[in-house]
Amino acid sequence: MTDVLIIGAGPAGLTAAIACAEHRLNVRVLDEFIKPGGRLLGQLHEEPDGTWWNGMKEAQQLYEKATSLGVRFDCSIPVAHLERINEGWRVHTQKYSIDVPRVLLATGAAESPVPIPGWTLPGVMSIGAAQVMTNVHRVPVGERGLIVGINVLSVAIARELTLAGIGLTGMFLPGINPAVKDAGNPRFIMQSLLRVSHLSPSRWIRWGRYLMNNEPMQSLGLRLYPKSGVKMWGIPIHLRKAVLEIVGDQQVQGVNIADVSPDGTPIPGTEKTLPVDFVCIAGSLYPLVELAAVAGCPFHYASELGGHVPVHNRKMETPLKGLYVAGSITGVEGAKVAMAQGTVAGLSIVDQVNPHETLVKEQLERSLQRVEEERDRALIQFRPHIKKARRGLEHTWNNTPLHM
């Protein structure tokens, strides 16, 4: 009999499976991808201490530990539906249905694209797709391209693409249209880049962020921003140029760009075409909450967390008995935070199964502290004010009836 069914074999799902299995629970993990690891599989970056974070290696180590503890993995199995039954949950997949007493949703996050003219041409892809093709499948996405959309995610993946030898002309803003909103606003993007400037290898960029902490300096910085862009890892980042259209007959052949004013308005007479053979579009990330929705879980909205997230407490419990969440479904943060949350969720499940084990309660308390530690030292924050948003979520939890 399966004691715990985990949907999602990413960083949160893997660590949760390990935590449960270490306490002798029978665990099964489902994932729609062909192998475990989730977003870990595409990650590769240098840590501040000079070591390299290899997500594929981390995923393999977690998978091997889980399987050594008896965890069963069913990959290439999409989950279609989730419903409550008397003794727990009935989970419907495309191949079978299974009844289990406890379910953990670790479904992660997805990309929200930025629509611009020409984005349906072959050779246009999301920045996350480029990461997966390059780092997971080892397929080059093209010879020379560019990135439309400047944010924390695109800056990190741009570095990974260059490490793979893929040429990037630069990173550009999307041309302003009703769907783009702040993604085409140079001032907004400058403020978001200040949060990742500490990652730059350039001492001048790292030092300069301290001068740009007030609005007058940011306005001055935008007016004086060089037309050639500011390079990070050799990649020009353009805050005063925007991609107005992607062009090509049967596939991407180029992009039409123009200089823009400090508020993102294209400047007439500055238009030109850049030849490229691929374009990566970088939007934002949002939690994948569909299964929580069909399960009947209530939601809390916080833009800092990426949108609507299932109501849950610090122990990763939802108001629905036997339903837990962990990872980016609870709010978009980094892989290390997701891994720490997965351990919390696993130990929380164990604590519910064996409520009299003091050791489990001690481990759970330490794991809760670990989540906060990982959040505090996270190399990348996808959005500011995460802790404020978490406090708002806690308030919603406190006003939500349990076992709805």
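These are my notebook entries on one sheet and one pocket of this structure.

**Entry 1: the model**
I began with the source of the coordinates. This is a predicted model.

**Entry 2: the sheet**
I looked up a sheet of three strands. The sheet is open, and its order is E6-E7-E8. The pairing is antiparallel. I then asked which strands sit at the edges. They are strand E6, residues 79-85, and strand E8, residues 97-100. Each of these two pairs on one side only. I also noted the twist, which averages 20° from one strand to the next.

A general note to myself: strands of a sheet pair through backbone hydrogen bonds, either parallel or antiparallel.

**Entry 3: E6 with E7**
I took this pair next. How many bridges join E6 and E7? I found six, in the antiparallel sense. The two strands form a hairpin, with two residues between them. For a landmark I picked Arg-84, which stands opposite Trp-89 in E7.

**Entry 4: E7 with E8**
Strand E7 covers residues 88-93. E7 and E8 pair over four bridges, again in the antiparallel sense. What joins E7 to E8? A hairpin does, through three residues. I marked two facing pairs here. Trp-89 stands opposite Val-100 in E8. His-92 stands opposite Ser-97 in E8.

Trp-89 came up twice in my notes. Arg-84 is its opposite residue on the E6 side, and Val-100 is its opposite residue in E8.

**Entry 5: the pocket**
I moved on to the second largest pocket. Its volume is about 980 Å³. I counted on the listing for its lining, which has 33 residues. Which of them are closest to the centre of the pocket? They are Asp-182, Ala-183, Phe-188, Ser-284 and Arg-383.

**Entry 6: what lines the pocket**
I checked which elements give two or more residues to this lining. They are helix H4 (152-163), helix H5 (186-194) and strand E19 (284-287). H5 gives the most, with four residues.

Last, I looked at the lining by class. It has 17 nonpolar residues, 11 polar ones and five charged ones.

**Entry 7: to find again**
For the sheet, I will start at Trp-89, opposite Val-100 in E8. For the pocket, I will start at H5, the element that gives the most to the lining.

Methods:
Residues numbered from 1 in each chain as written. Predicted model: local features only at pLDDT ≥ 70, side-chain atom pairs only at ≥ 80, totals over all residues. Heavy atoms only, no water. Pairing = 2+ DSSP bridges. Axes fitted to C-alpha atoms, helices over the stretch in contact; angles between N-to-C directions. 1 Å grid on protein atoms, 1.4 Å probe; cavity = no way out; pocket = protein on both sides within 12 Å on 5 of 7 lines; lining within 4 Å. Points joined across faces, edges and corners; volume = space filled by probe spheres on them. Nonpolar A, V, L, I, M, F, W, Y, C, P; charged D, E, K, R; others polar.
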